[in-house]
Structures are given as structure tokens and as C-alpha cells.
Amino acid sequence: MIGEDTRELLSRFVDDDLSPSEAASLRRRMQREPTMRRELDELQETRRAVRLLATRDQPPDLLDDLVVELRRQGRPSPRNLVVPLLAAAALVVMCFTLVLEMNRQDHPTELVTGRAVATPGVFALSALPEATGDAPLGPLEELLARPYPPPALLEAEPLIVVGPLPEPPPR
Amino acid sequence: MTFEEVYRRFRRPVWSLARQFLGSESEALDATQEVFVRVWKGLPGFRGEAKLSTWVFQIAWNYLRSVRRKKGLQMYDGTDGAEEVIRRIPDSAADPERRTLAAETLQRVQSALQRLPEQQRIVVWLRDGEDLSYEEIATVLDVPIGTVRSRLARARSALRSVAES
């Protein structure tokens, strides 16, 4: 009767996983015990059977359609990211250059929706300022802050349209 | 390595693994496709820290195991598949293995495989079927190498005893 430990040794022996001394010791035992030799032969035969079962089962051609489909879509490789990254970098450089250029040419220090910060030459976008005394409004903001419709328009008499005017009498 | 090269190299192993662990051809086909979609998505990020075969088998096994879990499969009953595998073996007189291994032995080994516990079957399949090393199997299954050795010995012993009965 072969024990579990010996079975594991035989299993490792067929995979060449034993140390040289372990393998030599097992070989000597196999010479003395024919059952072990027989068990090793059977082990190798079932091993070949598993190999044969695995390698002879070929996939259907239908599977190849997948590759065609993936090729059509294009693989998302890192190389494909180079162009978008370069474009994004170019955009950032352009924006930065534009801001610098605007500042250099003494453009108004107030942006449409921004306000100048204390450091000259640096712009920072901020939320629309409220109409308070400490934050002067720009022309557009002032226009937007006005009530609509204007009170004068609300107080005006409504126009009554009665139809087309009569023709003036001939002279 | 391009996706097509990976596909060509692992087309048969992934398919065989799916056939072995899912049984039906249609399920195996769906699973193999899904595995290769995952390989396709993951390949740009594959940096070669592990061997390519380990990486692909890891993807395949994780996916197949999740499918089996969803389906409540612990052990495949083996009523279909075995005959199909035997039928697919070409009846070629030039094949020496064909002469030495009787079809009945293959049939018995296949049935015995399907009756093994999942964790033993995958070990013997990866080692004897796909020739992965103990280290690679340990990585694919995320278990210590000693576990691989003991599971493999038990699985081979069970297969041998069934195949020879």
C-alpha cells in the first residue's frame, strides 16, 4: 500500500520537482518495490491522457470572428494616447500664451466674468461679483444688474391698437 | 506582443479550459470570447511582471470560476463533453499517441476529471494539460506552491485509480 506522502513524491518525480538526492532515493525504492514502479507508469499514462484531452479539443472557427471585430474597433494601446495627450498639452500652452499676451498688451484688467487680483499681470477667474460698495461693477455686469423691464416702461400707458389707420383725405 | 499573437497562442488553451469547466459548447464559446475581450482590454497595461501565460490563465480562470459560481456549478456532472472530446480526436493512424492510448482510457480519464473537486481539477489541468510550472499554477490560483503539490498528487492519484479501474 502506497501512502499519501509517497504519492506526492511520485507526482513530483514525474514533474522533475525533486532534489537530486530525493530522486535518487525514490529510484532505489522503485527498484525494490514493483508496485511503486507500476504506480509511476500509470501516473505517466493518465498524465499523457490529460495532455491529449487538453490539446486535441480545438475551438470552433466562430471564435475567430471576435478577433476580426476587435481589430475593427482598434486596440486601445498606450501609443494611441500620444496624439490626444499632445493635443491637450498644446491647448494648455495656447491658453497660457493667450493670457500672457493679453496681459502684456495692457488689456483691461477686468474679464467679463472675472476681476483683477492684487498682483499685477495675473488673472484669476472668479464668480460674478455682487453689487456692493467695495466691488465696482464692470459695464456688462452693471447692465446685467439693472432691473428688467425698466420701471419707466412699466409705468407707461399701454398702447391700444384699433386697426389700420384711415387713409388721409386727398388734397 | 499584439492581441492577435496572444489570441493565436492562447485560443486553444482558453477554449479547452472553458470546455472542461463549463461543459456545453455554447457556454464555452461565450466564456472564451469574454476572456479574450478582457485580455484585449488589459493587454495595453500588461507590463510583463508575470509571464504572459500566467496572466492569461489567471484572467480565464477568474472569469470561469465566477461563471461557475453564478450557475451554482461545483462539479460538472460530465454527462456531455466527454464523448464530444473523444469524437474530436482525429482518427489518424499516423498519431502515435492515438495508438498507445485507447479511446476507453481517454473516456475514463475525462469522466474522472469531471468528478474531481474543482480545485484539484484545475491544478491537474494546468499542469498536465497545459504544462504550466508549479510556480505558475500557484500564481494563477493564488495559493502557496505546497498546496499545488499536494492537490496535484491527490488529483493524479484519483485519476489513476479511476482510469485503471
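Start by selecting chain B of this predicted model: chain B has 9 helices and 0 strands. Walk from the N terminus and the elements read α-α-α-α-α-α-α-α-α. Colour the chain by burial, and 41% of its 165 residues count as buried. Among contacts in chain B between residues at least 6 apart in sequence, 71% join residues at least 24 apart.

**Stop 1: the largest nonpolar core**

Next, pick B:Ala18 and B:Ala60. Of the 45 residues in the largest nonpolar core, these two touch the most other members. Now show the elements that supply at least two residues each: helix H3 (34–56) of chain A, and from chain B the helices H1, H2, H3 (52–71), H6, H7, H8 (134–141) and H9. H1(B) gives the largest share of this core, with 8 residues. Try colouring domain 1 (1–74) and domain 2 (99–165) of chain B separately: both give residues to the core, so the core lies between them.

Zoom in on B:Ala18 and display its surroundings. Leaving aside residues up to four places away in sequence, B:Ala18 touches B:Ala28, B:Ala31, B:Thr32 and B:Leu64.

**Stop 2: helix H3 of chain B**

B:Leu64 and B:Ala60 lead you to H3(B), as both are among its buried residues. The others to select there are B:Trp55, B:Val56, B:Phe57, B:Ile59 and B:Trp61. Which helices do the buried residues of H3(B) pack against? Show H1, H2, H7 and H8 of chain B, and you have the partners.

Stretch a distance line along H3(B) from its first C-alpha to its last: the 20 residues reach 29 Å, close to the 28 Å expected at 1.5 Å a residue. Just after the helix, click on B:Gly72, which takes a positive phi of about 70°.

**Stop 3: helix H8 and its neighbours**

Move on to H8(B) and select its buried residues, B:Glu136, B:Ile137, B:Val140 and B:Leu141. They cover an arc of only 120° around the axis, which puts them on the same side of H8(B).

Is B:Ile137 buried or exposed? Its C-beta has 26 others within 10 Å, and 20 or more is the mark of a buried residue, so B:Ile137 is buried. Beyond residues up to four places away in sequence, B:Ile137 touches B:Val123, B:Leu126, B:Arg127, B:Leu132 and B:Val148. For one more distance, pick the C-alpha atoms of B:Ile137 and B:Arg149: these residues are 12 apart in sequence and 9.9 Å apart in space.

Step off the end of H8(B) to B:Asp142, in the loop between H8 and H9 of chain B. Phi of B:Asp142 is near 60°, a positive value in a residue other than glycine. B:Asp142 is exposed, with 10 other C-beta atoms within 10 Å.

**Stop 4: helix H6 of chain B**

Now select H6(B), whose 13 residues reach 19 Å from first C-alpha to last, close to the 18 Å expected at 1.5 Å a residue. Show B:Leu106, B:Val109, B:Gln110, B:Ala112 and B:Leu113, the buried residues of this helix. Turn the view to look down the axis of H6(B): the buried residues fall within an arc of 165°, so they line one face of the helix. A bit of helix geometry is handy here: an α-helix has 3.6 residues a turn, so residues three or four places apart point the same way.

**Stop 5: where the chains meet**

Bring chain A into view. In all, 40 residues of chain B are in contact with 30 residues of chain A. On the chain B side, H1 (3–22), H2 (25–42), H4 (82–88), H6 (103–115), H7 (118–129) and H9 (145–164) each supply at least two residues. H9(B) makes the largest contribution to that side, 10 residues. Colour this side of chain B by residue type and you will find 20 nonpolar, 8 polar and 12 charged residues.

**Stop 6: chain A**

Finally, select chain A alone, with its 7 helices and 2 strands. Along the sequence, the pattern is α-α-α-α-α-β-β-α-α. Of the 171 residues in chain A, 9% are buried. Among contacts in chain A between residues at least 6 apart in sequence, 29% join residues at least 24 apart.

End at A:Asp16, in the loop between helix H1 (4–14) and helix H2 (20–32) of chain A. A:Asp16 has a positive phi of about 60° although it is not a glycine. With 7 C-beta neighbours inside 10 Å, A:Asp16 counts as exposed.

Terms used. Residues are numbered from 1 along each chain as its sequence is written. Chains are lettered from A and ligands numbered from 1 in the order in which they are written. This is a predicted model: local features need pLDDT of at least 70, side-chain atom pairs count only at pLDDT 80 or more; totals for chains, interfaces and linings use all residues. Two residues are in contact if their C-beta atoms, placed from the backbone, lie within 7 Å. Helices (H or I, at least four residues) and strands (E, at least two) are DSSP runs, numbered from the N terminus. Ala, Val, Leu, Ile, Met, Phe, Trp, Tyr, Cys and Pro count as nonpolar, Asp, Glu, Lys and Arg as charged, and the others, Gly among them, as polar. The expected span of a helix is 1.5 Å times one less than its number of residues. A residue is buried if 20 or more other C-beta atoms lie within 10 Å of its own, exposed if 12 or fewer, and partly exposed in between; C-beta atoms are placed from the backbone. The arc is that of the directions from the helix axis to the C-beta atoms. A nonpolar core is a set of buried Ala, Val, Leu, Ile, Met, Phe, Trp, Tyr and Cys residues joined through C-beta atoms within 7 Å. Domain bounds come from an automatic or database domain assignment.
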